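Me: I am new to this structure and would love a close look at one part of it. Could you take me through a single sheet, strand by strand, and then show me what lies against it?

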Amino acid sequence: MDSIGSLGLQQGEGAPSCPQEGLPCPSNSSEMVQECLQQFKVTGAQLRQIQTSLLGSMEQALRGQVGPAPAVRMLPTYVGSTPHGTEKGDFVVLELGATGASLRVLWVTLTGIEGHKVEPRSQEFVIPQEVMLGPGQQLFDFAARCLSEFLDVLPVDNQGLQLGFSFSFPCHQTGLDKSTLISWTKGFKCSDVEGQDVVQLLRDAIQRQGAYSIDVVAVVNDTVGTMMGCEPGVGPCEVGLVVDTGTNACYMEEARHVAVLDEDRGRVCISIEWGSFSDEGALGPVQTIFDHTLDHESLNPGAQRFEKMIGGLYLGELVRLVLVHLAQRGVLFGGHTSPVLRSQGSILLEHVAEMEEFLSVLRETVMLLAPNCDVSFIPSVDGGGRGVAMVTAVAARLAAHRRLLEETLAPFRLTREQLAEVQAQMREAMAKGLQGEASSLRMLPTYVRATPDGSERGDFLALDLGGTNFRVLLVRVTTGGVQISSQIYSIPECVAQGSGQQLFDHIVDCIVDFQQKQGLSGQSLPLGFTFSFPCRQMGLDQGILLNWTKGFNASDCEGQDVVCLLREAIRRRQAVELNVVAIVNDTVGTMMSCGYEDPHCEVGLIVGTGTNVCYMEELRNVASVDGDSGQMCINTEWGAFGDDGSLSMLSTRFDASVDQASINPGKQRFEKMISGMYLGEIVRHILLHLTSLGVLFRGQQTQRLQTRDIFKTKFLSEIESDSLALRQVRAILEDLGLPLTSDDALMVLEVCQAVSQRAAQLCGAGVAAVVEKIRENRGLEELTISVGVDGTLYKLHPHFSSLVAATVRELAPRCVVTFLQSEDGSGKGAALVTAVACRLAQRTRI
Ligand code: G6P
Ligand code: BGC
Ligand code: BGC
């Protein structure tokens with residue numbers, strides 16, 4: 001203990017009288033001292049009760065069951081593993097709040113080689129009392145000045161300095177470099193900091209100071225720094241304990257126990273913030289009148305009650321209160337106190353602490369209360385500075401990864417101007433295509449001139465080929481509405497990419513099978529054929545396949561009339577002659593199907609395996625069809641938009657890779673940026689790139705990721721579903737054979753979001769071009785119109801439809817567009833086109 005002289009008292013000074021009136025004179029001084037000190041004794045039973053209660057509070061807080069003033073906070077840090085030992089680099093560490101009223105700056109070099117340590121350089125700065133209690137900005141400006149002063153004498157450049165901020169107060173951390181101060185403790189009380197992100201405050205101050213360009217990469221509690229910087233003993237160091245000015249501990253907890261994390265694997269370091277532990281039941285019996293007085297006179301009465309019984313800031317003060325008490329009772333200093341003794345804070349920790357003894361009592365107590373745990377206590381050598389540097393090294397690596405991710409995804413984030421440009425180019429390509437000029441949009445007439453009027457009746461067969469499923473349908477149109485029976489048949493890839501004859505024979509086999517099952521054998525019903533590929537039609541029942549798309553590539557079909565190919569197959573199979581009345585694109589089938597319910601439906605949109613749009617155009621604008629009055633449905637075949645190079649500004653290296661690896665390179669460039677068949681492939685190519693940069697999967701290429709088409713549209717939709725926790729995202733990816741960390745899962749999610757968002761926006765820009773054209777065709781100020789939509793991507797993706805709608809609102813503000821989802825597929829529409837044709841034919845015959 002320091003000399004009592006510093007308190008302005010002399011041993012034996014003054015008369016041994018009682019200074020305060022009414023106080024009994026001590027009959028036996030040493031008895032009174034003993035009696036007073038007795039209050040500080042804690043029994044084994046009391047310690048056990050505190051242990052149980054603290055554990056209960058910890059578990060409750062982990063489960064997220066906390067009252068308005070939680071006993072302990074159990075704050076997740078963003079530290080998920082203890083050091084690998086491979087961390088390396090030079091780091092600046094700023095410590096605030098660990099040791100009393102001082103601030104420390106360190107220069108830490110991590111060598112990345114185990115056992116090879118370079119001594120850190122450090123400097124301590126005393127924080128003036130008025131700064132500790134003044135405006136927050138003043139404190140952070142002070143810190144920035146200390147940093148500059150420290151760096152000024154080091155031989156460092158002002159470039160790329162990376163800083164770890166050890167900030168030892170209770171904080172809600174939301175990232176490695178984001179942390180909101182909950183409340184000050186330990187004698188700090190600066191205004192305008194509680195509720196603020198302390199990293200930002202420090203960054204602002206460094207910028208105001210202007211001397212150095214320093215990147216604040218991580219923020220760490222002192223307990224975490226202590227744990228991370230500890231030399232591993234027998235096992236890894238998994239607990240950090242600080243008993244300094246304040247007190248706290250952190251430890252590695254199983255992530256599945258931490259309710260707020262929504263993570264079931266791995267571990268995370270939790271800062272207990274036990275300083276605020278204050279269970280009246282457990283602590284009450286061991287609290288003395290001195291503890292109550294100390295709390296009452298502190299800057300934060302009622303708070304940090306446990307810390308106030310342990311932390312160095314308070315121990316000296318407790319001793320002072322006891323001395324004053326004993327002096328006032330005449331037991332000490334001849335009953336005299338001095339102004340110094342009476343002033344708060346005049347006895348400091350170093351006056352009273354015996355560290356050796358503290359450590360041995362600590363050890364004994366832990367052994368007593370946790371007899372089954374073999375605990376080694378390893379004193380931290382450099383106050384946690386190395387540990388902070390290690391966390392900073394990890395954070396710096398993650399931040400660099402994030403920058404690479406952002407750079408990679410930047411070309412996918414389209415501006416409004418870029419989207420408006422897409423819309424304008426689409427308009428131009430539409431006009432040229434209609435005029436028969438060179439254009440990537442073919443603008444194919446469909447010979448569909450009217451939507452159903454409700455008077456159609458009869459039974460029809462329909463085929464639906466070109467989407468995820470091949471279907472055969474029986475459609476009954478009656479006064480009561482439309483009834484459908486259908487069956488799905490598979491088209492094996494070898495058939496889709498085999499010979500044309502094989503493909504059409506397979507189709508006829510399926511029709512025959514369906515007829516048998518439906519009891520329709522021998523009947524020749526009118527048939528509508530939804531054929532979802534670009535066809536040049538010369539009439540309703542003639543369609544020359546221009547080219548295959550979407551993974552189909554059957555030989556000897558391109559340039560042929562598909563209806564003839566079907567009829568030939570029927571003959572080959574000697575099946576019952578079918579009456580093929582109409583060949584219909586899926587967009588047209590969808591528009592007709594939705595048009596049966598809503599007469600405003602004059603556009604058909606598909607966003608599924610492929611993508612396309614059709615709409616009702618004025619016949620006078622269609623150069624290739626005679627006649628000037630009335631309308632005709634035009635199949636835009638917008639999937640091919642950009643095949644003339646007009647989208648090259650938007651096309652990324654990943655689009656180019658997907659295109660090159662496809663069976664139709666250079667073709668369907670717009671479709672390849674939008675539709676379900678390709679989005680997963682774009683994602684896969686981005687993931688391969690990020691892995692090669694070391695950003696994902698620890699830089700290790702897996703065989704699975706090299707596999708084409710492992711990402712189906714359905715995975716994209718699942719991964720982006722809002723209700724899905726990150727761990728479920730990880731599970732989906734693990735099912736695909738991709739073992740990844742939570743960081744990886746988050747990045748994969750961001751990649752999916754960027755790719756599908758671009759797809760939806762491009763699709764929206766296209767729809768905006770179409771509806772604006774219709775509005776202008778009709779010379780309307782405002783157009784109210786409905787769009788019938790189908791396709792797995794549009795229907796299953798959680799955000800696609802709303803992003804399309806938002807883009808259309810933005811780019812075509814004078815069109816009020818309603819999107820109707822087709823419920824029955826386009827086969828129903830094909831049957832309705834057939835029904836209309838039959839009705840018109842009947843009328844002609846009459
Ligand atoms: C429709 C059809 C399909 C069409 C599909 C697009 O309703 O009946 O033939 O091609 O939707 O969706 P998909 O996602 O299956 O390609
Ligand atoms: C703070 C903790 C800190 C501890 C030790 C407490 O007052 O709330 O965050 O770890 O002191 O410095
Ligand atoms: C085809 C279109 C079809 C679209 C949607 C494209 O690949 O070329 O005819 O409408 O896919 O299925």
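Reply: Happy to help; what follows is a walk through one sheet and the helices on it, with a short look elsewhere at the end.

Before we start, please keep in mind that this is a predicted model, in which local features need pLDDT of at least 70, side-chain atom pairs count only at pLDDT 80 or more, and totals for chains, interfaces and linings use all residues. Residues are numbered from 1 along each chain as its sequence is written, chains are lettered from A and ligands numbered from 1 in the order in which they are written, and side-chain values use heavy atoms, leaving out hydrogens and water.

The sheet is open and has five strands in the order E15-E14-E13-E16-E19, with mixed pairing. Its edges are strand E15 (481-489) and strand E19 (579-584); each has a single partner strand, so one side of each lacks a neighbour in the sheet. On average, neighbouring strands here are turned by 20° against each other, direction ignored. A few terms help: helices (H or I, at least four residues) and strands (E, at least two) are DSSP runs, numbered from the N terminus, and two strands pair if DSSP finds at least two bridges between them. Axes are lines fitted to C-alpha atoms, for helices over the stretch in contact, and angles run from 0 to 180 degrees between N-to-C directions.

Let us begin with strand E13, residues 458-465. Six of its eight residues are buried, so the rest of the structure largely encloses E13; buried means under 20% relative accessible area, exposed over 50%, and partly exposed in between (1.4 Å probe, protein chains only).

On one side, E13 pairs with strand E14 (residues 470-478) in the antiparallel sense, over seven bridges. Within that pairing, glycine 458 has valine 477 of E14 as its bridge partner. The two strands form a hairpin with four residues between them, where glycine 466 takes a positive phi near 130°.

E13 also pairs with strand E16 (residues 526-531); these two run parallel and are joined by five bridges. Here aspartate 464 is bridged to threonine 530 of E16. Moving on to the edge, E16 and E19 pair over five bridges, again in the parallel sense, and phenylalanine 529 finds its bridge partner in isoleucine 583 of E19.

Now for the helices. Helix H17 (residues 500-518) packs on the sheet, touching E13, E14, E15 and E16, and its direction makes about 125° with that of E15. Helix H18 (residues 562-572) packs on the sheet as well, touching E13, E16 and E19, with its direction at about 145° to that of E19. Contact means heavy atoms within 4.5 Å.

To finish, here are two spots outside the sheet. Aspartate 192 has a positive phi of about 60° although it is not a glycine. This aspartate 192 sits in the loop between strand E7 (178-181) and helix H5 (198-209), and counts as exposed at 67% relative accessibility. Aspartate 709 likewise has a positive phi, near 60°, and is a residue other than glycine. Its loop runs between helix H22 (676-692) and helix H23 (713-719), and with a relative accessible area of 31% aspartate 709 is partly exposed. For background, most residues other than glycine have a negative phi.
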